[in-house]
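Please consider the following model and the empty spaces within it. The questions below concern its cavities and a pocket.

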Amino acid sequence: APDTAAPAAMEMSAKDVIEKYLAAIGGAAKLKDINTMLVQGEMVVQGMTLPYLAKQKNPNLQVMEVTMNGNPVFRRVYDGTAGFNNQMGNKQNFTKTELDEASDNKGIFSQLYYGDGTYKMKVDGQEKVNGKDAIKLNIVTPSGGEWIEYYDAASGYLVKTVKKTVSEGKETMQSVTYSDYRKTGDIMTPFKYLISTESPIGAQEFNVNVTEVKLNEDVADTDFK
């Protein structure tokens, strides 16, 4: 390891970092009781504020929708086996990479499963995220994907994720920075996301401001169609 790495990060194993995070957001036992999660808010994109809705159901069903004047402008769905993105009526099925990534999430809180032997993790020093020290974790997923996660050194919260995908030889990097953790029921979740995508066609940035989180309610199997 380089000498520049802060000593605090080096003393914590990847397992310690994940355990601290799970404890910080409510504890593994409480997290395992959550079978569905609904997140409602607003996405700010190019000066426009649009309604944002995301739903998740264990193990890895997910839908995310952004609407304008009541009509979906973007919808992303994964039903546990197949998925698609629908942008302004142009529907594209998930690529193999997208399917792999969706199946690599083994639950709403995928960190609960990082110790199951199918993920490889290692601490890779410390960096500043949101102006504070964060421990950088490199993760190799069951499908061979590479994820980078940053956990706040003080609070233990997950503050940033970076995912790299290669599709048809083109590389896309998506990073999400999380902040403003608040309590819903027994758990803490971020109420602000900054989503940044860099691809061969350019860079995009969106802010999501969450207004409500619901646990174990208002999510049905039919939502993932």
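Q: What volume does the second largest cavity have?
A: In this predicted model, residues are numbered from 1 along each chain as its sequence is written. A cavity is a set of points on a 1 Å grid over the protein atoms alone where a 1.4 Å probe fits but cannot get out; points are joined across faces, edges and corners, and a volume is the space filled by probe spheres set on them. For the second largest cavity this volume is about 30 Å³.

Q: Which class, nonpolar, polar or charged, has six residues in the lining of the second largest cavity?
A: Lining residues have an atom within 4 Å of a point, and here they include Leu31, Ile34, Phe109 and Lys32. Ala, Val, Leu, Ile, Met, Phe, Trp, Tyr, Cys and Pro count as nonpolar, Asp, Glu, Lys and Arg as charged, and the others, Gly among them, as polar. One lining residue is polar and one is charged, while the class with six is nonpolar.

Q: Which helix supplies at least two residues of the lining of the largest cavity?
A: The largest cavity holds about 40 Å³ of space, and its lining includes Val17, Lys20, Tyr151 and Asp152. Helices (H or I, at least four residues) and strands (E, at least two) are DSSP runs numbered from the N terminus. Totals for linings use all residues, whereas local features need pLDDT of at least 70 and side-chain atom pairs pLDDT 80 or more. Alongside strand S9, the helix is H2 (14-24).

Terms used. Side-chain values use heavy atoms; hydrogens and water are left out. On a 1 Å grid over the protein atoms alone, a cavity is a set of points where a 1.4 Å probe fits but cannot get out, and a pocket is an open set with protein on both sides within 12 Å along at least five of seven lines; lining residues have an atom within 4 Å of a point.
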